[in-house]
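Student: I'm new to this structure and would love a close look at one part of it. Could you take me through it step by step?

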Amino acid sequence: VIHKASGVYDLLRVAWAIDEAEKVLNRRLVQQDGTVIHCKAKVTRLNKYSLIMVMRDITERFRRFEAKKEVVSIVTARKKDTEANQFTRHEVKNGVLAAIGIYDGI
């Protein structure tokens, strides 16, 4: 018997409501101790009264994806900072060269 408060019960309820022959559901389940589990369920409807649901724990895959997103975000920020610094150095250099040119003209 599946407890009604569990995320698996909700996932099963959603699976029964699907009219398609095959569907993939991604859900975030929370265990009683508060641990979050990301799962993927492939639901295949056999007939009006039966279905097959295969659930997989994709928590590690989800964590790797989130870590990659964080790395891309950090790398992008560093690249933008580098570009901004190069632009600023270029503008300062142009200002200094213009001042030297004005001084030489005096």
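Student: Which element of the protein has the lowest mean pLDDT, and which has the highest? Please look closely at the one with the lowest value and what surrounds it.

Tutor: Happy to! Keep in mind that this is a predicted model. Helix H1 has the lowest mean pLDDT among the elements, at 84, while S3 has the highest, at 91. For the protein as a whole the mean is 85, and 94% of the residues reach 70 or more.

So let's look at H1, which spans residues 7-17 and lies across S1, S2 and S3. Its direction is at about 135 degrees to that of S3. Three residues of the helix are buried: Leu11, Val14 and Ala15. Viewed down the axis of H1, these buried residues fall within an arc of 100 degrees, so they line one face of the helix. In general, an α-helix has 3.6 residues a turn, so residues three or four places apart point the same way. The buried residues of H1 pack against S1, S2 and S3.

Now for the sheet itself. The three strands form an open sheet in the order S1-S2-S3, with antiparallel pairing. At the edges are S1 (22-30) and S3 (50-57), each pairing on one side only. From one strand to the next, the twist averages 25 degrees. Nine bridges join S1 to S2 (residues 36-47) in the antiparallel sense, and Val30 stands opposite Val36 in S2. Helix H2 (residues 59-105) also packs on this sheet, touching S2 and S3. The direction of H2 makes about 125 degrees with that of S2.

Note on methods: Residues numbered from 1 in each chain as written. Predicted model: local features only at pLDDT ≥ 70, side-chain atom pairs only at ≥ 80, totals over all residues. Heavy atoms only, no water. Pairing = 2+ DSSP bridges. Helix = DSSP H or I, 4+ residues; strand = E, 2+ residues; numbered from the N terminus. Axes fitted to C-alpha atoms, helices over the stretch in contact; angles between N-to-C directions. Contact = heavy atoms within 4.5 Å. pLDDT = per-residue confidence, 0-100. Buried < 20%, exposed > 50% of the residue type's maximum accessible area, 1.4 Å probe, protein only. Arc of directions from axis to C-beta.
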